[in-house]
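Reader: Walk me through one part of this model in detail. Then place it beside the other local features worth checking. Keep it brisk.

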Amino acid sequence: MVTQSRSVGRISLLIAAVLFGASLAVYALTMAPGLTWRHDGADGGDLARAAMLGSVPHPTGYPTYLLLARLFLQWPAGDAAYRLNLLSAVCTAAAVALFGLWQARAPASPARYAGAGAGALALAFAPLVWSQALIAEVHGLQLLLAVVAMAAIDRCGRSLRPRHAFAAGLAFGAGLGNHVTLVFLAPVVLAALWRCRTARAVAPPVVLGLALGLSVYLVLPLSAVFGAASPWGNVDTLDAFVAYLTGDIYHSVLFGVPAVDGLNRWLSLPSLVLAEFAPWGVLAAAVGASAIWRRSRLELVSLAACVLASALFSAGYNTSDAYRYLMVAWLVLAIWLAEGVSVLGATIAERGGTRAFAFAVTVWAAFSALWIAGRWPEMDISSDTAAESETAQVLAALPPRALLVTNTDRQTFALWYHIDSRGQRPDAVVIDRTLLAYAPYRAYLSRRWGVSADAGSDLRDWVAALGVRPVMVLDPAGILRAPDALDAPAP
C-alpha cells in the first residue's frame with residue numbers, strides 16, 4: 001500500500017512538473033517584453049510604479065501582489081515591467097501545475113490523470129487566463145491563490161486536520177489581500193465549514209489563518225508612511241484607509257451597467273464560455289458537473305454559486321475589462337471539465353479497453369493542440385512595444401518644464417512609470433483630467449508641486465496654480481495637442 005501511494009505521488013508530481021514547464025514555456029514565448037497596453041494591461045504602469053517606489057497603487061491596493069512584486073523586482077534581467085510580466089507568467093504556471101496536482105488526487109487511475117491534465121491545460125490556455133499571464137497584472141497571482149485556497153479547502157474537508165484548516169484560511173485571506181473578488185469563493189468555504197460542522201477543532205485554525213492572511217493589508221498604511229507619495233492619496237488615517245480599501249472611487253461603476261448592456265453581457269456569456277474552453281471542453285464540463293451532482297449536491301451547488309457570483313459581478317461592473325473578474329468562474333469550469341474527462345475516460349476504458357482509451361486521449365490532445373495553435377496569434381504580444389515607444393516619444397516631444405494633461409488611464413499610468421520609476425523627464429508635470437475629480441489625487445498634486453489644493457476639480461485653475469509652464473494635452477489617440485484642447489470634454 002505504501003509503495004502504491006508513493007507511485008501515485010510520483011506520477012502526480014510528474015504531471016504537475018510537465019504542466020508547469022509546458023505552460024511557462026508558452027507564456028515566456030508569448031509574453032510582453034516590457035510595459036504593454038495589450039490584453040487590457042493599462043494598470044501595469046501604476047502597479048510597477050507602486051512596487052518600485054514602495055508606494056500604493058489604485059484601490060484596493062493589492063498588498064499580497066505588492067509584496068511578491070517587490071521580491072520579483074530583484075530578478076536581475078529586464079526592466080521592472082518585464083519582471084512583473086514574468087511574475088504573472090510564473091504565478092499562472094504554478095496555478096496550472098497545482099491544479100493538475102490537486103485534480104490527480106486519489107482514487108488514482110489513468111482516467112483521473114487524463115482529467116487532471118485536460119482540466120489544467122484547458123485552464124492554462126483559456127484566452128482570459130493566458131492573456132493575464134503575459135502582462136503586469138494581479139490576476140495571475142489571483143488564480144494561483146484561488147487554486148491554493150480551493151485545494152486546501154478540499155483537503156481540509158477530507159482530512160479534518162487543523163493544519164489543513166489553517167492553510168485554507170491563510171490562502172483565502174492572502175487571496176483577499178490580492179484581489180477582493182476572491183470573495184466569490186465564499187460559497188465553497190461555507191459549504192466546507194458546513195460539512196465540517198461536527199469537527200469543532202477545525203474552526204479556530206481557519207479563523208487564525210484567515211486573520212493572518214488578511215494582515216497583509218498592513219502593508220498599505222506602512223507604505224503610505226515609509227514609501228513614496230501615491231497619486232491615490234495617503235492612507236495613514238482610518239477614514240482614508242477605509243475609503244481606499246472599499247474602492248470608493250469606483251463605486252459608481254459597481255453594478256453601473258445600463259440594463260440593455262447588462263442583458264447583452266449575459267446573452268453573450270455562453271458564446272464566451274465556448275470561445276474560452278472549446279465545444280468539447282464545455283461538453284466535458286457538463287458531464288463533470290452532472291457527476292459531481294450525483295456525488296454531492298452541496299458541492300455542485302456551492303461551485304455553481306461561485307460561478308454565478310463571478311458572472312453577476314462581471315456583468316454589472318461598468319468597465320470594458322470587467323470580463324477579467326470571471327477568473328473564479330473559469331477555475332470552477334476547469335474543475336468540472338477535469339471531472340468530466342475523468343468520467344468519460346473511465347467509461348471508455350471500461351467499455352473499449354486500453355486501446356480505446358489511448359485513442360480517445362490522443363484525439364483530445366490533438367484537438368486541444370490545434371485549438372491552442374489557433375489562439376496563438378491573438379495571444380502573442382512578444383513583439384509589442386507600443387506602450388513603451390509611444391510614451392518615450394511623448395516625453396521626448398515635451399518642452400522643458402511642460403505641464404501635460406492626460407485623458408486615459410493607460411497613458412497616465414505609463415507616464416507615472418517612466419517619470420517616477422525610471423527617472424525620465426522629472427521636470428514634467430502630469431495631470432490626469434479624470435482623476436482631478438478625486439480629492440486624494442488633488443491633495444497629492446498639491447503636496448508634490450507645492451501649490452494650493454483650493455482649485456478643486458477645475459482643470460484651468462490647476463494649470464494657473466502650477467505657474468508659467470508650457471501646456472500640452474495628450475489626446476486618447478496619443479497625439480500631443482495645443483492648450484486649446486483643454487476645453488475639449490473628457491473622453
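Author: One definition comes before anything else. Helices are DSSP runs of H or I with at least four residues, strands are runs of E with at least two, and both are numbered from the N terminus. The model is predicted. With those labels, Thr-60 falls in the loop between helix H2 (44-53) and helix H3 (63-72). That loop is picked up again below.

The part to look at closely is the sheet. It is open, has four strands in the order E2-E1-E3-E4, and its pairing is mixed. Strand E2 (429-432) and strand E4 (480-481) are the edges; each has a single partner strand, so one side of each lacks a neighbour in the sheet.

Start with E1 and E3. They run parallel and are joined by three bridges. One partnership to find on screen is Leu-404 with Met-472 in E3. Now step from E3 to E4. Strand E3 (residues 471-474) and E4 run antiparallel, joined by two bridges. Here Val-473 faces Arg-481 in E4. The hairpin of E3 and E4 has five residues between the strands. Within that hairpin, Gly-478 adopts a positive phi near 85°.

Which way do the side chains of E3 point? Val-471 and Val-473 go one way, Met-472 and Leu-474 the other. All four are buried.

Leu-474 leads to the next residue. Asn-407 sits in the loop between strand E1 (403-406) and helix H17 (409-421). Is Asn-407 buried or exposed? Its relative accessibility is 8%, so Asn-407 is buried, given a limit of under 20%. The side chain of Asn-407 has two partners to inspect. One is the side chain of Arg-433, in a polar contact at 2.8 Å. The other is the backbone oxygen of Leu-474, at 2.9 Å. Thus a loop residue after E1 reaches the backbone of a residue in E3.

Another arginine is worth a look. The charged end of Arg-469 sits over the ring of Trp-449, and the distance to the ring centre is 5.4 Å.

Now the aromatic residues. The structure has 17 aromatic pairs. In one of them, the ring centres of Phe-313 and Tyr-317 are 5.2 Å apart with planes at 25°, so this pair counts as stacked. Both residues are buried: Phe-313 has a relative accessible area of 16%, and Tyr-317 has 9%. They belong to one aromatic cluster with Phe-184, Phe-255 and Tyr-325.

Phe-313 lies in helix H14 (residues 297-316). Beyond four places in sequence, Phe-313 touches Thr-181, Phe-184, Leu-254, Phe-255 and Tyr-325. As a distance check, Phe-313 and Ala-373 are 60 residues apart in sequence, and their C-alpha atoms are 31 Å apart.

Set that beside Ala-118 and Leu-337. These two are 219 residues apart along the chain, yet their C-alpha atoms are separated by 7.6 Å. Ala-118 is in helix H5 (residues 110-124). It counts as buried, at 10% relative accessibility. Beyond its neighbours within four places in sequence, Ala-118 contacts Leu-337, Val-341 and Trp-364.

Next, the backbone. Most residues other than glycine have a negative phi, and most peptide bonds are trans. Three places deserve a check against that background. Return first to the loop between H2 and H3, which holds Thr-60. A cis peptide bond joins Pro-59 and Thr-60, with omega at about 15°. Then go to His-39, in the loop between helix H1 (2-30) and H2. Its phi is positive, near 55°. His-39 is buried, with a relative accessible area of 13%. Last comes Ala-278, whose phi is also positive, near 70°. Ala-278 is not in a loop but in helix H13 (residues 259-295). At 1% relative accessibility, it counts as buried.

Finally, the cysteines. How many disulfides does a search of the whole structure find? Zero. Cys-156 is buried at 5% relative accessibility. Cys-306 is buried too, with a relative accessible area of 0%.

Technical notes. Residues are numbered from 1 along each chain as its sequence is written. This is a predicted model: local features need pLDDT of at least 70, side-chain atom pairs count only at pLDDT 80 or more; totals for chains, interfaces and linings use all residues. Side-chain values use heavy atoms; hydrogens and water are left out. Buried means under 20% relative accessible area, exposed over 50%, partly exposed in between (1.4 Å probe, protein chains only). Contact means heavy atoms within 4.5 Å. Rings of Phe, Tyr and Trp (its six-membered ring) pair if their centres lie within 6.5 Å; planes under 30 degrees apart count as stacked, over 60 as edge-to-face and the rest as tilted. A charge sits over a ring if NZ of Lys or CZ of Arg is within 6 Å of the ring centre and within 35 degrees of the ring normal. A polar contact is a pair of N or O atoms within 3.5 Å; within protein, one must be able to donate a hydrogen and the other to accept it, and residues adjacent in sequence count only if both atoms are side-chain atoms. A disulfide is a pair of cysteine sulfur atoms within 2.5 Å. Two strands pair if DSSP finds at least two bridges between them.
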